[in-house]
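Please find below some comments on the structure, set out as numbered points.

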Amino acid sequence: MTSSNGPVLLDFWVSPFGQRVRIAMAEKRFEYEYKEEDLFNKSELLLKSNPLHKKVPVLFHDGKIICESLIIMEYIDEVWSDKVKLLSSDSYQKAQARFLG
């Protein structure tokens, strides 16, 4: 489900969890394709991609499927490590950011 141009984010515009991921992606300043999901009529793509929770957001990247907003944020922070860091390398500051996030 990966676009030839890069990552694809399956999301719903009002989802606070999706907004968290979109903010993180904006901070990283990289291009991705946004696919809107109808949560009242969930697509086969969502059901297959996140069969456990059947929720957005879902990130598709390099043939991989990453679910859950905090996991996606950690993934993009590590994969796009050449860009601005989302989390500090200091363990306490990182814990505080995760608590607030």
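The points below take up the aromatic residues and one asparagine of this predicted model.

1. There are three aromatic pairs in the structure. In one of them, F12 and W13, the ring centres lie 6.3 Å apart and the planes meet at 50°, so the pair is tilted. F12 is buried, at 16% relative accessibility, whereas W13 is exposed, at 55%.

2. W13 sits in the loop between strand 1 (8-11) and helix 1 (16-28). Apart from neighbours within four places in sequence, W13 contacts Q19, R22, Y34 and E36. The C-alpha atoms of W13 and K35 are 9.6 Å apart, with the two positions 22 residues apart in sequence numbering.

3. Another pair joins F30 and W80: the ring centres are 4.2 Å apart and the planes at 5°, so this pair is stacked. The pair links distant parts of the chain, 50 residues apart. F30 is in the loop between helix 1 and strand 2 (33-36), and W80 is in the loop between helix 3 (69-79) and helix 4 (91-100).

4. Both partners of the stacked pair are buried: F30 has a relative accessible area of 10%, and W80 one of 13%. Together with Y32, F30 and W80 form one aromatic cluster.

5. N50 belongs to the loop between helix 2 (44-49) and strand 3 (58-61). Its relative accessible area is 4%; because this is under 20%, N50 counts as buried. A polar atom of the N50 side chain lies 3.0 Å from the backbone oxygen of K55. Beyond the residues within four places in sequence, N50 is in contact with K55, V58, C67 and E68.

Note on methods:
Residues numbered from 1 in each chain as written. Predicted model: local features only at pLDDT ≥ 70, side-chain atom pairs only at ≥ 80, totals over all residues. Heavy atoms only, no water. Helix = DSSP H or I, 4+ residues; strand = E, 2+ residues; numbered from the N terminus. Buried < 20%, exposed > 50% of the residue type's maximum accessible area, 1.4 Å probe, protein only. Polar contact = N/O pair within 3.5 Å; in protein donor to acceptor, adjacent residues only side chain to side chain. Contact = heavy atoms within 4.5 Å. Phe/Tyr/Trp six-rings, centres within 6.5 Å; stacked < 30°, edge-to-face > 60°.
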